Amino acid sequence: MSQPLTTLEVEKIRADFPILHQQVNGYPLVYLDNAATTQKPQAVIDALVYYYTHDNSNVHRGAHALSDRATAKFESARKSVADFINAAHTQQIIWTRGTTESINLVAASWGADNLQTGDKVLVSALEHHSDIVPWQMIAEKTGARVIPIPVDNSGTIEMEAFVALLDSRVKMVAVNHVSNALGTINPVAEIIKQAHAVGAKVLIDGAQAIAHWPVDVQAMNCDFYVFSGHKLFGPTGIGVLYGRRKLLEQMPPYQGGGEMIETVSFSGTTFNQLPYKFEAGTPDIAGAIGLAAAIDYLNTLDRAALAAHEDALLAYATKKALAVPGLKVIGTAKSKAAVLGFVIEGTHPSDIGMLLDQQGIAVRTGHHCAQPLMQQFGTPGTVRASFSFYNTFEEIDRLFAALDKIRQLLL
Ligand SMILES: *Cc1c(COP(=O)(O)O)cnc(C)c1O
C-alpha cells in the first residue's frame with residue numbers, strides 16, 4: 001500500500017483549492033460534503049475562464065477558427081475521459097449532464113429495446129434514487145419488474161441472495177460502485193461476473209468511486225459505467241456515460257435534435273454515428289473542457305497516496321465517532337470509501353447539521369437520495385461527513401469538538 005500524504009503535501013494540495021480558504025460563520029470552513037459535490041482546483045477554474053475568454057464557440061460547426069479550437073478542445077476532453085477510465089475508444093464516451101442523465105439514457109434507450117413483460121432489473125438496496133427511479137419508469141412502460149438486491153445491516157450487499165435472484169429473466173443489474181449514503185464499496189467485479197453468467201447486462205454507477213481511485217472499465221468488464229464531473233473536481237452540468245460499443249451501436253437515440261443526426265428530411269431521418277447519436281443539441285462544451293482540466297490536475301498527483309490519505313481520514317474519524325456516547329455509525333461494511341454516516345441518540349440529524357454549520361462545518365443531513373436504504377436502517381436520515389484528499393485530521397478534530405458542544409447543548 002502507498003504511503004498517505006504528509007501534512008505538508010496536504011497543505012500544498014489545499015493551496016490549489018481557493019474555496020477552502022474562507023471563514024463561514026466566523027470559523028475557518030471545514031468542508032465535509034464531498035459526496036454531494038467536490039471543490040474545484042484553480043486549474044479547473046482557470047480552464048473555464050480561459051475557454052470563455054478565448055475560445056468560446058459552438059462545436060462541430062466548423063467554418064471559423066474559434067469553432068475549430070472549441071471543437072478540438074471538446075474532443076480532446078473526450079479522449080482525456082476515455083484514457084482516464086481506460087475505455088478502448090473515444091466513441092464509447094457519451095457526454096451527458098451527469099450520472100442521473102446517463103442512467104436515464106440507458107434505462108430509456110437500452111430498456112425500451114431490451115425489456116419485456118416478465119423481465120427483471122435488479123438494483124441494490126443501496127442505490128441512489130437516480131439508479132432506482134429511471135428503472136421503475138421504463139419497467140412501467142415495458143412490463144418489466146425492478147427487484148431490490150438485499151443489503152445487510154452493515155450496508156453490505158448480500159451476495160448469496162443476489163446470486164439466488166439471478167435467472168434468465170434478469171436483463172439488467174444496476175449497482176453503485178460506492179454507496180453515497182454509507183460509503184460501502186461494492187464487489188463490482190464479482191457482481192458483473194455473476195450477472196454475465198445469466199446473460200444480464202450490468203450498469204455501474206460510479207458517481208462516488210470515480211473521485212477515490214483509478215477506474216478501469218475494461219478490466220472491470222462492465223457494460224455501462226456512469227459518473228458526474230462535479231464529483232470529480234470538475235464543473236456541474238457535465239457527466240459521462242461509458243458503454244460497450246456494440247450495445248451503444250444497437251441502442252436507439254435518447255433525444256432528437258441537432259448534432260445527433262446525419263440527414264433530416266420529412267420522409268425520414270438518419271442518425272449520426274457514435275458518440276454523437278446520443279448528444280442532441282449544443283453540449284456543455286465548457287463543462288467538458290473543465291472536466292478534462294480536473295483529470296489533468298488529478299494526473300499530476302499520486303493517486304495511490306491520495307487514496308491512502310482518505311482511508312486514514314476515514315479510520316481516524318470512525319475511531320473518534322465510536323467514542324462519542326449515543327453515536328451510532330450507519331454503514332459499517334468492511335470495505336468502505338471516505339464516508340462517515342451517523343445518528344446521535346435523542347437528536348435530529350438536521351439539528352446537528354445546522355449547529356455544525358454555525359461552527360463553519362459543512363456536512364450533509366437527510367436521506368441522501370436513498371430513502372429505501374434509510375427505511376431499512378429505521379431512520380429518516382443521517383448526518384454524513386464525507387472526505388476528500390484535501391481534508392485534514394485537524395478538520396476531523398474540529399468536527400468532533402463541535403459535536404461535543406452540540407451534544408451538551410441538545411442533551
Ligand atoms: C451523486 C450521485 C448520483 C447522482 O449524481 P448527479 O450528479 O446528481 O446526477 C447518483 N449516484 C450516486 C452514487 C451519487 O453519489
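## Close-up views of a predicted model

**View 1. Asn86 sits in the loop between helix H3 and strand E4 (93-96).** Everything in these views comes from a predicted model. Asn86 is not a glycine, yet it has a positive phi of about 55°. Is Asn86 buried or partly exposed? Its relative accessibility is 32%, so Asn86 counts as partly exposed.

**View 2. His60 is found in the loop between helix H2 (42-55) and helix H3 (65-84).** Here is another residue worth pausing at. His60 has a positive phi of about 60°, although it is not a glycine. With a relative accessible area of 31%, His60 is partly exposed.

**View 3. A cis peptide bond joins Leu274 and Pro275.** Look along the backbone from Leu274 to Pro275, where omega is about -5°. To find your way, start from strand E12 (268-271) and follow the chain towards helix H10 (285-299): Pro275 is in the loop between them.

**View 4. Eleven names to find: the ligand is surrounded by Thr99, Thr100, His128, Ser130, Asn180, Asp205, Ala207, Gln208, Ser228, His230 and Lys231.** Sorted by class, this shell has eight polar residues, two charged ones and one nonpolar one. Now zoom in on three of the residues around the ligand, Thr99, Asp205 and His230 among them. Asp205 places a polar side-chain atom 2.5 Å from a nitrogen atom of the ligand. In the side chain of His230, an N or O atom is 2.7 Å from an oxygen atom of the ligand. Thr99 takes part through its backbone: one of its polar backbone atoms is 3.5 Å from a ligand oxygen atom. How much of the ligand's accessible area does the protein cover? On its own the ligand has 380 Å² of accessible area, and the protein covers 86% of that.

**View 5. Arg384 in strand E17 has a contact with Asn180.** Asn180 is one of the residues around the ligand. A polar atom of the Arg384 side chain lies 3.0 Å from the backbone oxygen of Asn180. Is Arg384 buried or exposed? Its relative accessibility is 0%, so Arg384 counts as buried.

**View 6. Strand E14 (residues 339-344) pairs with strand E13 (residues 327-329) and with strand E17 (residues 382-386).** Let's take the two pairings in turn. E13 and E14 run antiparallel and are joined by three bridges. In one of these, Lys328 has Val343 of E14 as its bridge partner. E14 and E17 also run antiparallel, with four bridges between them. Here the bridge partner of Gly341 is Arg384, the residue you met beside Asn180. Strand E14 is mostly covered, with five of its six residues buried. As you look at these strands, keep a general pattern in mind: in a regular strand, side chains alternate between the two faces of the sheet.

**View 7. Ile330 is in the loop between E13 and E14.** Is Ile330 buried or exposed? Ile330 has a relative accessible area of 3%, so it is buried. Lys40 is 290 residues away from Ile330 along the chain, and their C-alpha atoms are separated by 29 Å.

**View 8. Cys222 is buried, whereas Cys369 is partly exposed.** The relative accessibility of Cys222 is 1%, and that of Cys369 is 21%. Because buried means under 20%, Cys369 falls outside that class. How many disulfides does a search of the whole structure find? The search finds zero.

Definitions and conventions:
Residues numbered from 1 in each chain as written. Predicted model: local features only at pLDDT ≥ 70, side-chain atom pairs only at ≥ 80, totals over all residues. Heavy atoms only, no water. Disulfide = S-S within 2.5 Å. Buried < 20%, exposed > 50% of the residue type's maximum accessible area, 1.4 Å probe, protein only. Near = heavy atom within 4 Å. Polar contact = N/O pair within 3.5 Å; in protein donor to acceptor, adjacent residues only side chain to side chain. Areas by Shrake-Rupley, 256 points an atom, 1.4 Å probe, with all protein chains shown as cover. Nonpolar A, V, L, I, M, F, W, Y, C, P; charged D, E, K, R; others polar. Helix = DSSP H or I, 4+ residues; strand = E, 2+ residues; numbered from the N terminus. Pairing = 2+ DSSP bridges.
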